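Student: Please take a close look at one part of this model for me: the charged pairs and the helix packing behind them. I would like one connected account.

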Amino acid sequence: MEASETFPGTSLTLAQLSHTDTGLDNSPDDAALANLETSAQVLEQLQLEFGPFTYYSGFRNDAVNAQVGGAPGSDHRLGLAFDLATQQGSIYSLFQGIVNGPWKDQMREIFLKPGQGTLHL
């Protein structure tokens, strides 16, 4: 999959969900790419309900994860974790909307990073 291609049925690209400023190659393997495709479907539905997101961290391969000081077992390495902010409303409203709605059961973990103004899914 090319970085500029959108995941099927979504407006999200591989580049959005795997962006890194490290300068390292951050290509996902086949398993992570499959997870990213599934994650993109959920993220697209969340964006339809809550408005567009800005993605700060998504997939990180082992080299990128190590470079940024990520946890060795991070779900980012699997294409299953994303740090994002809403472009409409507050990050707190987004958090409440997810944890109090039907989306909660589709998340492995959900927590706020208030100092960064982001939400980790």
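Tutor: A residue counts as exposed when its relative accessible area is over 50%, as buried when it is under 20%, and as partly exposed in between. Keep those limits in mind. The model is predicted.

Start with charge. Side chains of opposite charge can pair when their charged atoms come close. How many salt bridges does a search of the whole structure find? It finds three.

Take D62 and R77. Their side chains meet in a salt bridge, with N to O at 2.8 Å. D62 sits in helix α3, residues 62-67, and R77 in the loop between α3 and β2. The two are 15 residues apart, so the pair links distant parts of the chain. D62 has a relative accessible area of 52%. That value is over 50%, so D62 is exposed. R77 has 25% and is therefore partly exposed.

Next come D75 and R108. Their side chains form a salt bridge at 2.9 Å, N to O. D75 lies in the loop between α3 and β2, and R108 in the loop between α4 (91-99) and β3 (111-113), so the bridge ties together parts 33 residues apart in sequence. D75 is buried, at 15% relative accessible area. R108 is exposed, at 57%.

The remaining bridge joins K113 and D83, at 3.1 Å from N to O. K113 is in strand β3 and D83 in strand β2, so parts 30 residues apart in sequence are tied together. D83 is buried, with a relative accessible area of 5%. K113 counts as partly exposed, at 22% relative accessibility.

Now the helix packing. Begin with α2, which covers residues 30-50. Does its length come out as expected or not? At 1.5 Å a residue, its 21 residues should span 30 Å. The end C-alpha atoms are 30 Å apart, so the length agrees.

Which residues of α2 are buried? They are A32, L36, S39, A40, V42, L43, E44, L46, Q47 and F50. The list includes E44 and Q47 alongside leucines such as L36. These buried residues pack against α1, β1, β2 and α4.

Look at two positions along α2. N35 is in this helix. N35 is partly exposed, because its relative accessible area is 25%. Setting aside residues up to four places away in sequence, N35 touches L78, G79 and L80. The C-alpha atoms of N35 and L80 are 6.3 Å apart, although 45 residues separate the two along the chain. S39 is also in α2. S39 is buried, at 11% relative accessible area. S39 touches G79, L80 and F82, again not counting residues up to four places away. G79 and L80 therefore appear in the contact lists of N35 and S39.

What does L43 touch beyond its neighbours within four places in sequence? Its contacts are L12, L17, F53, Y55, F82, L84 and L121. F53 and Y55 return below.

L43 leads into the core. The largest nonpolar core has 25 residues. L17, L43, L46, L84, I98, L119 and L121 have the most contacts inside it. Elements giving two or more residues to this core are α1 (14-17), α2, β1 (53-57) and α4. Which element gives the most? That is α2, with seven residues.

Helix α4 belongs to the picture too. Its buried residues are I91, L94, F95 and I98. They cover an arc of only 100° around the axis, so they lie on the same side of α4. These residues pack against α2, β1, β2, β3 and β4, the last being residues 118-120.

Finish with the rings. A search of the whole structure finds one aromatic pair. F53 and Y55 have ring centres 6.1 Å apart and planes at 75°, so the pair is edge-to-face. Both residues are buried, and both are among the contacts of L43.

To recap: a buried aspartate takes part in the D75–R108 bridge and in the K113–D83 bridge, whereas D62 is exposed. Behind the charges, α2 gives the most residues to the largest nonpolar core, and its buried residues pack against α4, among others.

Note on methods
Residues are numbered from 1 along each chain as its sequence is written. This is a predicted model: local features need pLDDT of at least 70, side-chain atom pairs count only at pLDDT 80 or more; totals for chains, interfaces and linings use all residues. Side-chain values use heavy atoms; hydrogens and water are left out. Rings of Phe, Tyr and Trp (its six-membered ring) pair if their centres lie within 6.5 Å; planes under 30 degrees apart count as stacked, over 60 as edge-to-face and the rest as tilted. Buried means under 20% relative accessible area, exposed over 50%, partly exposed in between (1.4 Å probe, protein chains only). Helices (H or I, at least four residues) and strands (E, at least two) are DSSP runs, numbered from the N terminus. Contact means heavy atoms within 4.5 Å. A salt bridge is a side-chain nitrogen of Lys or Arg within 4 Å of a carboxyl oxygen of Asp or Glu. A nonpolar core is a set of buried Ala, Val, Leu, Ile, Met, Phe, Trp, Tyr and Cys residues joined through side-chain atoms within 4.5 Å. The arc is that of the directions from the helix axis to the C-beta atoms. The expected span of a helix is 1.5 Å times one less than its number of residues.
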